[in-house]
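Me: Please take a close look at one part of this model and explain how it is placed among its surroundings. I should like a connected account that begins with a single residue and works outward from there.

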Amino acid sequence: MTELNGEPAGIRELTALAMTNYGHFTTMRVEDGRVRGLSLHLDRLVRDCGVLFGTDPDRDRVRELARRAVADTAGPLTVRVTVYDPDLGLERPGAEATPRILVTTRPAAAPSLPPLSVRTAPHHRDLPEVKHVGLFGLLRLRRLAQLDGYDDVLLTDERGAVSEGATWNVGFFDGDRLLWPDAVCLPGVTQELLRRGHGGPQHTARIDRERLGELRAAFALNAGVGVRPIRSIDGVEFDPEHPVLATLRKEYATTEAEPL
């Protein structure tokens, strides 16, 4: 399913997104017409649209278009909502914009995936607080990591502190509490749901490579798979079966999903 403002997306409109590559998006896992953190996804779209276009998308319209996309479809789906203006060109990106809503769907990933082996790489995303469509730098680093035998890449900032994965947030457990990196990164919906729902102690801290050996567990977070164990970072091993991971997965699984 690929629809733009509720109509089949044409070649011209899709080519404009590929050529200009200016816009933002959010990706949701939809099961039985419901989404965990739907309100947070909508908040992200409104916030990011204000930053990139100076306007707000209609939240109810976004929900309506997403409902259309998943109607009469069995099984869990990954739904991506992209906001961009097909008429905004390379020569005049400062022209008045009328952003439109592109909804695409694909089968969702399995809810339980094998633990990740990742390596760190220094990288600072453009406008990291916005979930924008500029993914080249992230995909290049992911590709290079995979070519060297890793599953993915974990970004570090100018201090050498961990910030986020290529398309996921990261968290750690030090044996007593959850640790969230203090580096600038994209605020994740799944991360925020766990922050709100976790009953144990939590702390924000600088996590650099030298500190990794002190930590008991590491995990990746995104809306597609929820909580995914990380088994190693730069060769530092973590317990992919640590009990805290089962606790986090249960907390996430029991988060009430909102109807589209």
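Reply: Helices (H or I, at least four residues) and strands (E, at least two) are DSSP runs, numbered from the N terminus. By that assignment, M28 belongs to strand β3. The model is predicted, so local features need pLDDT of at least 70 and side-chain atom pairs count only at pLDDT 80 or more, while totals for chains, interfaces and linings use all residues. Residues are numbered from 1 along each chain as its sequence is written, and side-chain values use heavy atoms, with hydrogens and water left out.

M28 is buried, its relative accessible area being 3%; buried means under 20%, exposed over 50% and partly exposed in between (1.4 Å probe, protein chains only). Leaving aside residues up to four places away in sequence, M28 touches V35, L38, H41, L77, T78, V79 and V81. Contact here means heavy atoms within 4.5 Å.

Strand β3 (23-30) takes part in an open sheet. That sheet has five strands in the order β2-β1-β6-β5-β3, with antiparallel pairing; two strands pair if DSSP finds at least two bridges between them. β2 (7-8) and β3 stand at its edges with a single partner strand each, so one side of each has no neighbour in the sheet. Further in, strand β5 (residues 77-84) and strand β6 (residues 100-107) run antiparallel and are joined by eight bridges. Within this pair, V79 is placed opposite T105 of β6, and V79 is also one of the residues that M28 touches.

The loop between α1 (11-20) and β3 contains N21. The phi of N21 is near 60 degrees, a positive value in a residue other than glycine. Most residues other than glycine have a negative phi. N21 is partly exposed, at 39% relative accessibility.

Helix α3 lies across β1 (2-4), β3, β5 and β6, and runs at about 35 degrees to β6. Angles run from 0 to 180 degrees between N-to-C directions, and axes are lines fitted to C-alpha atoms, for helices over the stretch in contact. Two packed helices are described by the angle between their axes and the distance between the axes. Helix α2 (residues 38-53) packs against α3 (residues 59-70) at an angle of about 120 degrees, with the axes 10 Å apart. This angle makes α2 oblique to α3; angles under 35 degrees count as roughly parallel, over 145 as roughly antiparallel, 65 to 115 as roughly perpendicular and the rest as oblique. The crossing of the two helices is right-handed. A crossing is left-handed if the near helix is turned anticlockwise from the far one by less than a right angle, and right-handed if clockwise. On the α2 side the contact is made by L38, S39, L42, D43, L45 and V46, and on the α3 side by R59, V62 and R63. L38 is also among the residues touched by M28.

Helix α2 packs against α5 as well, at an angle of about 130 degrees and with axes 10 Å apart. The two helices are therefore oblique to each other, and α2 passes α5 in a right-handed crossing. L40, H41 and R44 of α2 meet V189, E192, L193 and R196 of α5 in this contact. H41, in turn, is touched by M28.

From α5 the account reaches another group of strands. β11 and strand β12 (residues 202-205) pair in the parallel sense over four bridges, and L179 stands opposite H203 in β12. The chain passes from β11 through α5 (residues 189-197) to β12 in a right-handed β-α-β crossover, which is to say that, with the strands pointing away from the viewer, the path from the first strand over the helix to the second runs clockwise. Strand β11 (residues 178-181) is covered on both faces, with L178 and W180 buried on one side and L179 and P181 buried on the other.

β11 also runs antiparallel to strand β10 (residues 169-173), to which two bridges join it. F173 stands opposite L178. Four residues separate the strands of this hairpin, where G175 adopts a positive phi near 105 degrees. The C-alpha atoms of G175 and M28 are separated by 31 Å, the two residues being 147 residues apart along the chain.
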